[in-house]
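Colleague: I have just opened this protein and would like to find my way around. Could we go through a few questions together?

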Amino acid sequence: MDSEVGPLRAVLLHRPGNELTRLTPRNNDKLLFDSIPWVGRAQEEHDAFAEVLRGRGVEVLLLAEVLREALTDPRAHAAGVHAAVDDRRLGEDLGDALRSHLSGVDAATLAEVLMAGLTFEELPAAEGASLVRKIHHPHDFAVDPLPNLLFTRDSSVWIGDRVAISSLAMPARRRETALLDLIYAYHPRFSHASRAYGAHSAPVEGGDVLLLAPGVLAVGIGERTTAAGAESLARSLFADDIAHTVLAVPIAQARATMHLDTVCTMVAPDAVVMYPLARDELVAFTLRPDGDGSLRVDGPEPFLHAAAEAMGIEKLRVIDTGLDPVTAEREQWDDGNNTLALAPGVVVGYERNVETNARLADAGIEVLAIAGSELGSGRGGPRCMSCPVVRDPIG
Ligand SMILES: NC(=O)NCCC[C@H](N)C(=O)O
C-alpha cells in the first residue's frame with residue numbers, strides 16, 4: 001500500500017459489540033468516549049458503512065471474525081490468555097485461576113473476553129479466598145473492555161507491503177496492540193505479512209500516519225504519536241527501504257485534534273481536505289536517511305510546501321471549505337475532515353457535516369455520506385474506523 005487514495009480493495013473494520021455496553025457516565029472519559037452510545041443504533045450505522053464499502057467493491061474484514069479465526073490456533077489462544085490476564089491487577093491467586101479458566105474456553109468465548117472485558121462479578125468462581133476479589137466492587141473490571149477497537153485505523157497500519165502494529169499511547173487502548181499482534185501473527189490470511197516497526201517501540205498511532213505518495217509519509221506528533229515514535233518509525237521504514245521521506249507534523253495536544261487525520265485527510269492524489277485553521281499553521285520537519293544509518297532532520301517549513309516538495313508535485317491542493325470559524329470548528333469536532341478515500345476523488349464522510357461535504361462536492365469530490373450520530377460519540381470518523389489492507393496503486 002503506497003497511498004491514501006488508490007482504489008481500496010480490502011479493509012479491516014470492527015463492528016461495535018458488547019464492549020460498548022460497558023460504557024457508563026463514570027468511565028466514558030477514561031475509555032475515551034464523549035458520551036454513551038446507543039449500541040444498537042451504532043451497529044446499524046456501522047452495518048450501513050460496511051455496505052457502502054461493499055457496494056463499491058471493497059472486501060470488508062471484520063475484526064471480531066478474524067480474531068475468532070486466529071484464536072483457533074493454540075499458539076494464538078495462549079497469547080490471548082496471556083493478554084487478558086494482568087497479575088498486577090488480579091494478584092497471583094486470582095490471576096492463576098482466570099488463566100486456567102480461559103485456557104479451557106473456546107475461541108469465540110476468549111475473543112469476547114478480549115474485546116468486551118470481564119467484571120469481577122463475571123469471573124468464574126475462583127478456588128480459595130482472594131482479597132482482590134473481596135475488595136473490588138462486582139462491577140469493576142477484572143479485564144478492561146476495549147471500546148476503541150472500533151477505530152481500527154489506529155491499532156495497525158499497512159505501509160508498502162508491510163504492516164506496522166501500533167504502540168498505542170493511552171492506557172485505555174494499550175491492550176489493542178496484543179489483539180492485533182496475534183491476528184497478524186496467526187490468522188492464515190496475514191501470517192506471512194512482514195512487519196514494519198515494533199509494537200513495543202515509542203508510541204505511534206495509525207491516525208497520525210498519512211501515506212502522501214509512494215515513499216512519502218506525514219506523521220502527526222501530538223497527544224498520541226510522540227516525536228520519539230515518529231523518529232523510530234522513520235528509521236525503521238528507511239532501513240526496510242519502504243520510504244525515503246517522513247514529514248513530522250506537530251499538532252495541538254488536544255482532544256479535538258488527537259490525530260493528524262482529525263484535521264487533514266487526502267481526497268485525491270494531489271488534494272487534501274483540511275481544517276481551515278490548520279492550513280496556515282501546520283509545519284513539517286523533514287526526515288530523510290543521511291546515508292550512514294542516521295536521520296537528517298530539516299525544517300520546520302510550512303506543511304503544504306514541504307509535502308508538495310517531497311511528493312514531487314507542484315502544489316498540494318487544499319479543498320477550500322470556506323467555512324466560518326464556528327461552523328469549521330463544529331464540523332472538525334464531528335470529523336468532517338476525517339474522510340476515507342475509496343478511490344481518487346471518492347470519499348466516505350459523515351452526513352452531518354453538511355457544509356464540508358457540500359464544499360467537497362463543489363470541488364468535484366464524490367462524497368458517500370453515512371450516518372454517524374452514535375458512531376461519532378467515540379470521536380472518530382470514517383478514516384478512523386477503517387484500516388485499509390489492500391489498495392491498488394494509483395493508475
Ligand atoms: N484516527 C482517529 O482519529 N481515531 C479516533 C480515535 C478515537 C478514540 N476514542 C480515541 O480517543 O483514541
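Colleague: Helix H9 lies across several strands; at about what angle does helix H9 run to S10?

Modeller: Happy to help, and keep in mind that this is a predicted model. Helix H9 covers residues 227–239 and lies across S9, S10, strand S13 (283–289) and S14. Comparing directions, helix H9 runs to S10 at about 170 degrees.

Colleague: Which other helix packs on the sheet, touching S8, S9, S10, S13 and S14?

Modeller: Look at residues 303–311. The direction of this helix makes about 130 degrees with that of S14. The name you want is helix H11.

Colleague: Which strands stand at the edges of that sheet, and why is one side of each left without a neighbour?

Modeller: The open sheet has five strands in the order S8-S9-S10-S13-S14, with mixed pairing. A strand at an edge has a single partner strand, so one side is left without a neighbour in the sheet. The edge strands are S8 (209–213) and S14 (295–302).

Colleague: Over how many bridges do strand S9 and strand S10 pair?

Modeller: Strand S9 spans residues 216–221 and strand S10 spans residues 245–250. Ile 221 stands opposite Pro 250 in S10. The two strands pair in the parallel sense, and the count is six bridges.

Colleague: How far apart are the centres of domain 1 and domain 2?

Modeller: The domain assignment gives domain 1 as 8–63 + 147–391 and domain 2 as 67–143. Their contact takes 13 residues from domain 1 and 14 residues from domain 2. Taken over C-alpha atoms, the separation of the centres is 31 Å.

Conventions. Residues numbered from 1 in each chain as written. Predicted model: local features only at pLDDT ≥ 70, side-chain atom pairs only at ≥ 80, totals over all residues. Domains from an automatic or database assignment. Contact = placed C-beta atoms within 7 Å. Pairing = 2+ DSSP bridges. Helix = DSSP H or I, 4+ residues; strand = E, 2+ residues; numbered from the N terminus. Axes fitted to C-alpha atoms, helices over the stretch in contact; angles between N-to-C directions.
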